[in-house]
Amino acid sequence: MRHHPPLRHLPLLILLSLALVSTAVPITITQQFKEAPQFYNSPECASTGAEEDETEGENPIFCSDQAVHVAMTLDTAYIRGSMAAILSVLQHSVCPQNIAFHFVASASANASLLTSTISSSFPYLNFRVYRFHDSAVSGLISTSIRSALDCPLNYARSYLANLLPLCVHRVVYLDSDLVLVDDIAKLAATPLGDTAVLAAPEYCNANFTSYFTPTFWSNPSLSLTFADRKACYFNTGVMVIDLNRWREGDYTTKIEEWMELQKRMRIYELGSLPPFLLVFAGNIVPVDHRWNQHGLGGDNFRGLCRDLHPGPVSLLHWSGKGKPWARLDANRPCPLDALWAPYDLLQTPFALDS
């Protein structure tokens, strides 16, 4: 005679069976993106050599000083933001064909999938994908206040001088959660003077001490790091970097040394930002705040809605926890997310061609 489980065990058995089904069939979410329009140079744009005959498929733009070199990280989690950022850069550029994109992807990522995704939406884009080995930095990363900040790829900006070709002398680094509404060539042309390694909008009204722990400030040998510098906070999501000076000063090693110290004694709480501040704060060329209207993603805990800072806007940056695409999908957007939406290339099932 067949025995049936007691009725009181049925809810547990149902839950177990559902769990087995859900683990046996992995759920994958694939994103399809629309093809972006093609953008063309204005007549006054300088020649980069890209329009000439290419030999063996090598585009001379990637070593051209006439090009604007843009570096971004690329991964599946932020690919939707990256696509919007690329579109915004091209759409507002006077010389879009003179832009060379340098994408850095984790060596463990599916580089061919990322490449084909970019190529499908931007068939004429000048870009390369570089592999970043997580092992280069994974042993140096300390846990921070938000797990997303601990991703090894988040630290790739410290290794651009090693990853990009030696012929690339200057690069604009951009995060994936931003859009430009101005010509990136203006930002790229920021004068760096005789010695500065990088330029970025800096915010001297921010409480700089809050970026480091009491352990740091109570140790004289550490706090004296800023003794002769007017150190101000700057956001590393938008930077103009002189790669030659970076290489000459071996600044990657300098950043790594602070990360090694952080592993021994906790001197900060955030991820990749504080080592940059320790090395560069007070020694950068300040850029107009219009080039990084940051914090639009809210704080690192709740992602609350924020307003724009006073003044003109050339770049909108959703740094913080809240990302515009996630809030739009959840039908809980912040007012400023409407400024990101026109650059969203996601192909929805109900999209109609206009």
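Author: Helices here are DSSP runs of H or I with at least four residues and strands are E runs with at least two, both numbered from the N terminus; by that count the protein has 12 helices and 11 strands, and just after helix H10 (residues 273-280), Gly-282 takes a positive phi of about 90 degrees. The model is a predicted one, in which local features need pLDDT of at least 70 and side-chain atom pairs count only at pLDDT 80 or more, while totals for chains, interfaces and linings use all residues. Residues are numbered from 1 along each chain as its sequence is written, and side-chain values use heavy atoms, with hydrogens and water left out.

Reader: Why is Gly-271, in the loop between H9 and H10, called buried?

Author: Gly-271 has a relative accessible area of 3%, and buried means under 20% (exposed is over 50%, partly exposed in between, with a 1.4 Å probe and protein chains only), so the residue counts as buried. Its C-alpha is 9.7 Å from that of Met-259, 12 residues away in sequence.

Reader: What makes Cys-334 a buried residue, and what does Cys-334 touch?

Author: The relative accessibility of Cys-334 is 6%, and therefore the residue falls in the buried class. Cys-334 is found in the loop between helix H11 (324-329) and helix H12 (337-340), where, leaving aside residues up to four places away in sequence, Cys-334 touches Cys-305 and Arg-327, a contact being heavy atoms within 4.5 Å. The C-alpha atoms of Cys-334 and Arg-306 are 7.9 Å apart, although 28 residues separate them in sequence.

Reader: How do you know that Ser-88 is buried, and which residues does Ser-88 touch?

Author: Ser-88 has 0% relative accessibility, so this residue of helix H2 is also classed as buried. Outside the four neighbouring places in sequence, Ser-88 touches Val-179, Leu-180 and Tyr-343.

Reader: Why is the crossing of H2 and H3 called right-handed?

Author: The label is right-handed because the near helix is turned clockwise from the far one, whereas an anticlockwise turn by less than a right angle would be left-handed. The axes of H2 (residues 79-91) and H3 (residues 111-121) come within 11 Å and cross at roughly 35 degrees, where the axes are lines fitted to C-alpha atoms over the stretch in contact and angles run from 0 to 180 degrees between N-to-C directions. Ile-79, Met-83 and Ile-86 of H2 meet Leu-114, Thr-117, Ile-118 and Ser-121 of H3, a contact with five nonpolar, two polar and no charged residues.

Reader: What makes a set of residues a nonpolar core, and which residues have the most contacts inside the largest one?

Author: A nonpolar core is a set of buried Ala, Val, Leu, Ile, Met, Phe, Trp, Tyr and Cys residues joined through side-chain atoms within 4.5 Å. The largest has 50 residues, and those with the most contacts inside it are Leu-160, Leu-198, Phe-212, Phe-234, Ile-241, Trp-246 and Phe-280. Helix H10 gives the most to this core, with six residues, while a second, separate core of 49 residues includes Ile-184, Leu-187, Ala-199 and Trp-291. Among the residues that Trp-246 touches are Ser-158, Tyr-251, Phe-276 and Phe-280.

Reader: Why is H10 called mostly covered, and what covers its buried residues?

Author: Eight of the eight residues of H10 are buried, including Leu-273, Phe-276 and Phe-280. Their cover includes strand E6 (198-200), helix H6 (214-217), helix H8 (243-249) and helix H9 (251-264).

Terms used: Nonpolar A, V, L, I, M, F, W, Y, C, P; charged D, E, K, R; others polar.
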